[in-house]
Amino acid sequence: MITIQIIPSRGRLDGYYRAVGHAGEGRDAVCTAVTALEECLAANLANTFDLSVERVAAHGSYALRWGRNRKTPVESVRRANEAAGFVYTGLRALAKQFPEALRVSWEKPIQEQEREEEETK
């Protein structure tokens, strides 16, 4: 099973994409589709939106972290999150076809989660 977590960037907070696992034997097409969407997202973030992108890939895991450069307009962050949203939509469609091979989540930035937890106490 591949588990994917996407946390969009907010203001000066970095965005994150993390994928861990393998779709399983006989599911190489799922892994290939996920990899294609990951590479598309990384290229768009770096080239289209002029964001700082850090990429870490190892056997069974892939991570992206993106954030603003000093010269990057705030509007680029919003548009980058939209690009991540398109990739999320593609991954969700894939997860519906192969629910035993892929799980995807879109989460609030950690700082927002912590603030909401504090407000509910």
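**Figure 1. Overall arrangement of the secondary structure in the predicted model of the protein chain.** Three helices and five strands make up the secondary structure of the protein chain, and, read from the N terminus, these elements follow the order β-β-α-β-β-α-β-α. Of the 121 residues in the protein chain, 35% count as buried, while the accessible surface comes to about 7400 Å², with 51% of that area belonging to carbon and sulfur atoms. When contacts with a separation of 6 or more are considered, residues 24 or more positions apart account for 54% of them.

**Figure 2. Confidence along the predicted chain.** The average pLDDT of the protein chain is 85, and 88% of the residues score at least 70. Confidence is highest in strand β5, residues 102-106, where the value is 95, and lowest in helix α3, residues 110-120, where the mean is 58.

**Figure 3. Close-up of the largest pocket and its lining.** The largest pocket has a volume of about 250 Å³, and of the 15 residues that line this pocket, Gly21, Thr35, Glu38, Gly60 and Ser61 are the closest to its centre. At least two lining residues are supplied by each of β2 (15-21), α1 (28-48), β3 (52-58) and β4 (61-67), and the largest share, four residues, comes from α1. By residue class, the lining of the largest pocket divides into eight nonpolar, six polar and one charged.

**Figure 4. Close-up of Pro8, in the loop between β1 and β2.** Pro8 is found in the loop that runs between β1 (2-7) and β2, and this residue counts as buried because its relative accessibility is 0%, where the cut-off for buried is under 20%. The view also includes Ala84, which is 76 residues from Pro8 along the chain, although the C-alpha atoms of Pro8 and Ala84 are separated by 7.4 Å.

**Figure 5. Close-up of Ser76 and Arg79 in helix α2.** Ser76 has its place in helix α2, which spans residues 74-97, and Arg79 lies in helix α2 as well. Ser76 has a relative accessible area of 11% and is therefore buried, whereas Arg79, at 38% relative accessibility, counts as partly exposed, because partly exposed covers the values between the cut-offs of 20% and 50%. Each of these residues is shown with a partner that is remote in sequence: Ser76 and Asp50 are 26 residues apart in sequence and 7.7 Å apart in space, C-alpha to C-alpha, and for Arg79 and Leu45 the corresponding values are 34 residues in sequence and 9.3 Å in space, C-alpha to C-alpha.

**Figure 6. Close-up of Lys108, in the loop between β5 and α3.** Lys108 has its place in the loop between strand β5 and helix α3, the two elements in which confidence is highest and lowest, respectively, in the protein chain. With a relative accessible area of 37%, Lys108 is partly exposed. Arg10 is displayed together with Lys108, given that the two residues are 98 residues apart in sequence and 9.1 Å apart in space, C-alpha to C-alpha.

Conventions: Residues are numbered from 1 along each chain as its sequence is written. This is a predicted model: local features need pLDDT of at least 70, side-chain atom pairs count only at pLDDT 80 or more; totals for chains, interfaces and linings use all residues. Side-chain values use heavy atoms; hydrogens and water are left out. pLDDT is the predictor's confidence in each residue, from 0 to 100. Buried means under 20% relative accessible area, exposed over 50%, partly exposed in between (1.4 Å probe, protein chains only). Contact means heavy atoms within 4.5 Å. Accessible areas come from the Shrake-Rupley method with a 1.4 Å probe; for residues, only the protein chains shown count as cover. On a 1 Å grid over the protein atoms alone, a cavity is a set of points where a 1.4 Å probe fits but cannot get out, and a pocket is an open set with protein on both sides within 12 Å along at least five of seven lines; lining residues have an atom within 4 Å of a point. Grid points are joined across faces, edges and corners, and a volume is the space filled by probe spheres set on the points. Ala, Val, Leu, Ile, Met, Phe, Trp, Tyr, Cys and Pro count as nonpolar, Asp, Glu, Lys and Arg as charged, and the others, Gly among them, as polar.
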